[in-house]
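Please open the structure in a viewer and set the display so that individual residues can be selected. The tour below proceeds by selections, each followed by a description of what is found there.

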Amino acid sequence: MAQINTTFKKLIKGAGLSFIGQVISTGLKYVTQVFLAWLMGAEIFGLYTLGIIIYQIGELFPRMGLETGAIRYVSVYHDAHDWGRLKGILLQALGLPLISGLVFGLGLFFSSKPIAEFFFGQPDLVPVLQIFAVALPFGASMTAGVFATTGFQTATYKVLIWEILLPLLNLMLAVALFYLGWGL
């Protein structure tokens with residue numbers, strides 16, 4: 001019975017932390033979007049939004065579902081105190097999306113002109129896609145790595161990194177780059 005109460009308390013604590021993190025994350029993301037739309041105007045913000053959508057679709061493939069598998073195996077090897085296999089799973093969860101992200105990122109980088117001009121009729125979209133192409137391997141690796149941390153049976157790392165730190169850094173970076181005159 002004590003085991004069930006401890007597990008239940010841990011579950012409730014994790015759910016509460018996740019909820020608070022998601023509320024903060026959603027708020028920061030909306031503030032960032034409104035800020036960018038206000039500063040850039042509708043046309044440039046539209047290019048940014050197209051770039052983000054293509055990036056998000058492109059990031060799915062390099063991750064190869066590793067974030068889901070990593071959660072399971074990190075949990076199994078962590079509970080079994082099998083530190084060698086745990087290290088191997090974490091390295092694979094970070095390394096494989098990074099390597100495949102480089103391939104997909106290069107593909108997006110070199111096909112950005114045909115994508116921008118043929119599919120969207122927007123030549124101004126080319127540099128946006130190229131910037132997102134450079135970010136693709138790092139984003140895929142980070143996503144898989146952050147989700148793998150939930151295998152440690154705590155939501156703390158994912159909430160702090162994924163739900164709070166990343167959206168906050170995105171907002172701060174958007175503000176800083178805009179005021180440095182970089183625009184989109």
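A residue is called buried when its relative accessible area is under 20%, exposed when it is over 50%, and partly exposed in between. The model shown here is a predicted one.

**First selection: Ala135**

Select Ala135, which is found in helix α5. Is Ala135 buried, partly exposed or exposed? Its relative accessibility is 30%, a value between the two limits, and Ala135 therefore counts as partly exposed. Next, add Leu91 to the selection and draw a line between the two C-alpha atoms. Ala135 and Leu91 are separated by 44 residues in sequence, and the C-alpha to C-alpha distance is 19 Å.

**Second selection: the largest pocket**

Turn now to the largest pocket, which holds about 1400 Å³ of space. Its lining is made up of 36 residues, and those closest to the pocket centre are Tyr48, Ile52, Tyr55, Phe132 and Asn170. Which helices should be coloured to follow this lining? At least two lining residues come from each of α1 (2-40), α2 (42-63), α5 (125-148) and α6 (156-179). Sorted by class, the lining consists of 24 nonpolar, eight polar and four charged residues.

**Third selection: aromatic residues**

Display the aromatic side chains. Nine aromatic pairs are found in a search of the whole structure. One of these pairs is formed by Phe118 and Phe119, with an edge-to-face arrangement: the ring centres are 5.1 Å apart and the planes make an angle of 80 degrees. Phe118 has a relative accessible area of 67% and is thus exposed. Phe119, with a relative accessible area of 60%, is likewise exposed.

Then select Phe45, Tyr48, Tyr55 and Phe132, which together form one aromatic cluster. Tyr48, Tyr55 and Phe132 were met above among the residues closest to the centre of the largest pocket.

**Fourth selection: Arg63**

Finally, select Arg63, which lies in helix α2. Is Arg63 buried or exposed? Arg63 counts as buried, because its relative accessibility is 12%, and the limit for that class is under 20%. Show the side chain of Glu67 as well: the side chains of Arg63 and Glu67 make a polar contact at 3.4 Å. What else is in contact with Arg63, once neighbours within four places in sequence are left aside? The residues to display are Pro97, Ala140, Thr143 and Ala144.

Terms used: Residues are numbered from 1 along each chain as its sequence is written. This is a predicted model: local features need pLDDT of at least 70, side-chain atom pairs count only at pLDDT 80 or more; totals for chains, interfaces and linings use all residues. Side-chain values use heavy atoms; hydrogens and water are left out. On a 1 Å grid over the protein atoms alone, a cavity is a set of points where a 1.4 Å probe fits but cannot get out, and a pocket is an open set with protein on both sides within 12 Å along at least five of seven lines; lining residues have an atom within 4 Å of a point. Grid points are joined across faces, edges and corners, and a volume is the space filled by probe spheres set on the points. Helices (H or I, at least four residues) and strands (E, at least two) are DSSP runs, numbered from the N terminus. Ala, Val, Leu, Ile, Met, Phe, Trp, Tyr, Cys and Pro count as nonpolar, Asp, Glu, Lys and Arg as charged, and the others, Gly among them, as polar. Buried means under 20% relative accessible area, exposed over 50%, partly exposed in between (1.4 Å probe, protein chains only). A polar contact is a pair of N or O atoms within 3.5 Å; within protein, one must be able to donate a hydrogen and the other to accept it, and residues adjacent in sequence count only if both atoms are side-chain atoms. Contact means heavy atoms within 4.5 Å. Rings of Phe, Tyr and Trp (its six-membered ring) pair if their centres lie within 6.5 Å; planes under 30 degrees apart count as stacked, over 60 as edge-to-face and the rest as tilted.
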